[in-house]
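The exercises below are meant to be worked through with the sequence and the 3D view at hand. Each one sets a task and is followed by a solution in steps.

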2 protein chains.
Amino acid sequence: MTRITAVYDIESPSGVAHAAAVMAGEQSTGTFVRLAAETDALRERSAARIEAIEITGESPRPALPSRREGPRYERGRVTVSWPAENVGLSLPTLLSTVAGNLFELAELSAIRLLDIGLPTALIAACPGPQFGAAGTRRMLGGHDGPVIGTIIKPSVGLDAAGTAALVQTLVDADIDFIKDDELQANGTYCPLADRVEAVTAVLDRHADRTGRRVMYAFNITDEIEQMWRNLELLEANNATCAVVCINAVGLPGVRAVRDRSSVVIHGHRAGWGLYSRSPDIGISYVAWQKLWRLAGADHLHVNGLANKFTESDAVVREAALAVQTPFAGDGAPAYTAMPVISSGQTAWQVAPSRHLLGNDDFIFCAGGGIMSHPGGPGAGVIALRQAAEAARQDIAVEDFARSHGELKAALETFRKPSIVV
Amino acid sequence: MTRITAVYDIESPSGVAHAAAVMAGEQSTGTFVRLAAETDALRERSAARIEAIEITGESPRPALPSRREGPRYERGRVTVSWPAENVGLSLPTLLSTVAGNLFELAELSAIRLLDIGLPTALIAACPGPQFGAAGTRRMLGGHDGPVIGTIIKPSVGLDAAGTAALVQTLVDADIDFIKDDELQANGTYCPLADRVEAVTAVLDRHADRTGRRVMYAFNITDEIEQMWRNLELLEANNATCAVVCINAVGLPGVRAVRDRSSVVIHGHRAGWGLYSRSPDIGISYVAWQKLWRLAGADHLHVNGLANKFTESDAVVREAALAVQTPFAGDGAPAYTAMPVISSGQTAWQVAPSRHLLGNDDFIFCAGGGIMSHPGGPGAGVIALRQAAEAARQDIAVEDFARSHGELKAALETFRKPSIVV
């Protein structure tokens, strides 16, 4: 493939075909008036092209307020393509091209970016995930099944010692993975340096005793050069993972971390709702997650089935599968990442999560689902592993629970959620 | 001020007051179930607080699809505050705090961030604009009136020689400012290095002849270390300005440029429509532009009156004024930036732009408004300066045109737009 493609769901008062032409013009050689300099040769070389148009409906009212009005608003799916040469090998310029000014066009009363297709050369020029699922297991010292994890809560407020005390409880529960909350980066009451020192002492003691090093994802989100210093701090303390709030640091921010990181990059998507909440404006995670994988994220949050936020199970399913889907294209690197499932998760959601993916290459994060187990956090972690084992053996979790006490107690404690995938 | 504040327009099936409490919880110490570790002392120190609630309406239907439903959806404006210590001095963590997970809450069927208020210590810890309007005038060798500018079009497709030829026409027209399009960064057919070399030769010759160095904003948008190399290239060529696509590089990206830049940072907001198009999800420019000023943007795009995109004149007005509004707070640096007015602009929009701001500290970018003047580009630039002079003298532009031929021709050539501010 030598062109960049992007698929959009659009609505327009002037018709989908006309709106698509305006989009292609605005995002490449066109302007509102055709210029003398826009020669045929220049257009041939650099103009965006409409590859496909499918009309999907129409409405008497615009989905979003728009300066331009019409008697009806036609909806459809359009595929636009650009010569790879327009963008070069730059992810930020790719973003400005496929998700730039076109969101503001008056010819559009709705526009969502649904998917992108990229030239192999552009994919290969990006670093991609350094570790992914296989590397994460390696960092865990060899590991089967889904990675069982949790998030430090309260999100903010604990100091370093308080965090370390909670980490002690969690490592004693034989958990695989613990992460800082996205809100806890380098606050005054819990500076990153203090937290790394206090938590590392707990992780070291536990590793000395058991031979297992729990993966702790320290939130290093900050300015670029500070993140680099944070990476040095992590390296000096044998840390294995860093949380990076991807939307807060931007694509070049993630790439800058990737370029100097010896640890797994755990991509937190705080702010994602801004892109996803409206059916009429935004970017689908199918498209969005590709960019962050290219920049170097190893783990990517995808929400969870029957979560406490607002995304439907169908959207969560699509997101989780997308993160594990290799890049298309002859000779393109796969650059798959590891989906992170979280939000209101208990033993009930392990098997449905595994079933939708068809493998164990995911991180399953539970908070109350571990801490509120009647047998304590240790039993909470065991129950989640048992649920994963049941799924692997394709045995209904309730049946498996008959011979597995911790799982049984979990299923009795936590309400069975309704999952619709 | 020792707390961070954020004002939101929200809608909720469970009532505005309840939704505000959920937002404050999710974005600070709370989780879905109150934990033992969330002590009163911890809450006192770190919890977000609801400062104000104003009910503004209700609807039988949700504005956005939401997992949670209700018989009615209450709308209102809420102010939430956080202790400054939660965030420390980090802009990315500020962003995850005021515009993070809360966009995904099921308790909300609409949420827009309208404004933010910041502690003086946080503002002062950020670099802010290095040049702003005063520095831009200095770089222009001393300059009165609005800065008259244009954008290289076609956006992409011209090679370095083609760009330089167009620049020659523009500098001969005595323009102040020229910028690369946001889509033209380092594409294969027009690599930045070639473009800098070719354009610089034109700028140098013009400066040698006239003593005036036109400000050319080269689009340096790229990965962090490449942007730094690009800055070195600019510096070696006596360049005075760099375009940075702010949404594409992120806050730490702009900050990284600011930290090593000797040139004016021209912040292009490609992708802005994603934040602004929906009345029910997003971020207002009043809030958004503060972050980019803190990170170091000198110029910030604000669209134009009667523009070719979809924003209303009222929104453009608010944005332009916001960019020039100093940060509030005792001892806080003002950190004002220079609004960039563009999109479908002609001599008709100069006076209304100046009137809304009350000063000349803005960049007025016209494309066709200069190139399509019947007297040629030189007359096009003169006409825009005459329109600015008319506004400064508070003379109606049509009256002023009687004794100013270039302006008269411009007003006859370009359709008078309808402006509603």
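**Exercise 1.** Is Arg68(A) buried, partly exposed or exposed, and what is its relative accessible area?

*Solution.* Before starting, note that this is a predicted model, in which local features need pLDDT of at least 70 and side-chain atom pairs count only at pLDDT 80 or more, whereas totals for chains, interfaces and linings use all residues. Residues are numbered from 1 along each chain as its sequence is written, chains are lettered from A and ligands numbered from 1 in the order in which they are written, and side-chain values use heavy atoms, with hydrogens and water left out.

Step 1 is to recall the classes: buried means under 20% relative accessible area, exposed means over 50%, and partly exposed lies in between (1.4 Å probe, protein chains only). Step 2 is to apply them: Arg68(A) has a relative accessible area of 36%, so the residue is partly exposed.

**Exercise 2.** Find the salt-bridge partner of Arg68(A), and then examine the corresponding pair in chain B.

*Solution.* Side chains of opposite charge can pair when their charged atoms come close. The rule used here asks for a side-chain nitrogen of Lys or Arg within 4 Å of a carboxyl oxygen of Asp or Glu. Arg68(A) meets Glu107(A) in such a salt bridge, with 2.6 Å from N to O. Arg68(A) lies in the loop between S2 and S3 of chain A, and Glu107(A) in the loop between helix H4 (91–98) and strand S4 (110–117) of that chain, so the pair ties together parts that are 39 residues apart in sequence. Helices (H or I, at least four residues) and strands (E, at least two) are DSSP runs, numbered from the N terminus. Glu107(A), with a relative accessible area of 5%, is buried.

In chain B, Arg68(B) forms a salt bridge with Glu107(B), whose closest N and O atoms are 2.5 Å apart. This pair, too, links distant parts of the chain, 39 residues apart. Arg68(B) is partly exposed at 36%, while Glu107(B) is buried at 6%.

**Exercise 3.** How many salt bridges does the rule find across the interface of chain B and chain A, and which elements of chain B take part in the interface?

*Solution.* Begin with the extent of the interface: 91 residues of chain B are in contact (heavy atoms within 4.5 Å) with 91 residues of chain A. The buried area, which is the accessible area (1.4 Å probe) that two parts lose on being put together, summed over both, is about 7,600 Å² here, and carbon and sulfur atoms give 57% of it.

Next, count the charged pairs: the rule finds 6 salt bridges across this interface, against a count of 54 over all chains. Glu225(A) and Arg260(B) form a salt bridge in which the closest N and O atoms are 3.1 Å apart.

Finally, look at the elements: those giving two or more residues to the side of chain B that touches chain A include helix H2 (40–46), helix H9 (224–236), helix H10 (246–260) and strand S10 (281–283) of chain B. The largest share of that side, 10 residues, comes from H10(B).

**Exercise 4.** Where does Arg269(A) lie, and which residues is Arg269(A) in contact with?

*Solution.* Arg269(A) is placed in the loop between strand S9 (264–268) and helix H11 (273–276) of chain A. With 4% relative accessibility, Arg269(A) counts as buried. Leaving aside neighbours within four places in sequence, the contacts of Arg269(A) include Tyr285(A), His301(A) and Glu311(A), and also Glu104(B) from the other chain.

**Exercise 5.** How many residues of H4(B) are buried?

*Solution.* The answer is 8 of the 8, so H4(B) is largely enclosed by the rest of the structure. Among these buried residues are Leu91(B), Pro92(B) and Val98(B). At the start of H4(B), a side-chain oxygen of Ser90(B) comes to within 3.2 Å of the backbone nitrogen of Thr93(B).

**Exercise 6.** Describe the surroundings of Thr200(A).

*Solution.* Thr200(A) belongs to helix H8 (residues 192–210) of chain A and, at 5% relative accessibility, counts as buried. Beyond its neighbours within four places in sequence, Thr200(A) is in contact with Arg195(A), Arg213(A), Phe218(A) and Asn237(A). One of these, Arg213(A), also meets Asp204(A) in a salt bridge of 2.8 Å, N to O.

Technical notes. Polar contact = N/O pair within 3.5 Å; in protein donor to acceptor, adjacent residues only side chain to side chain.
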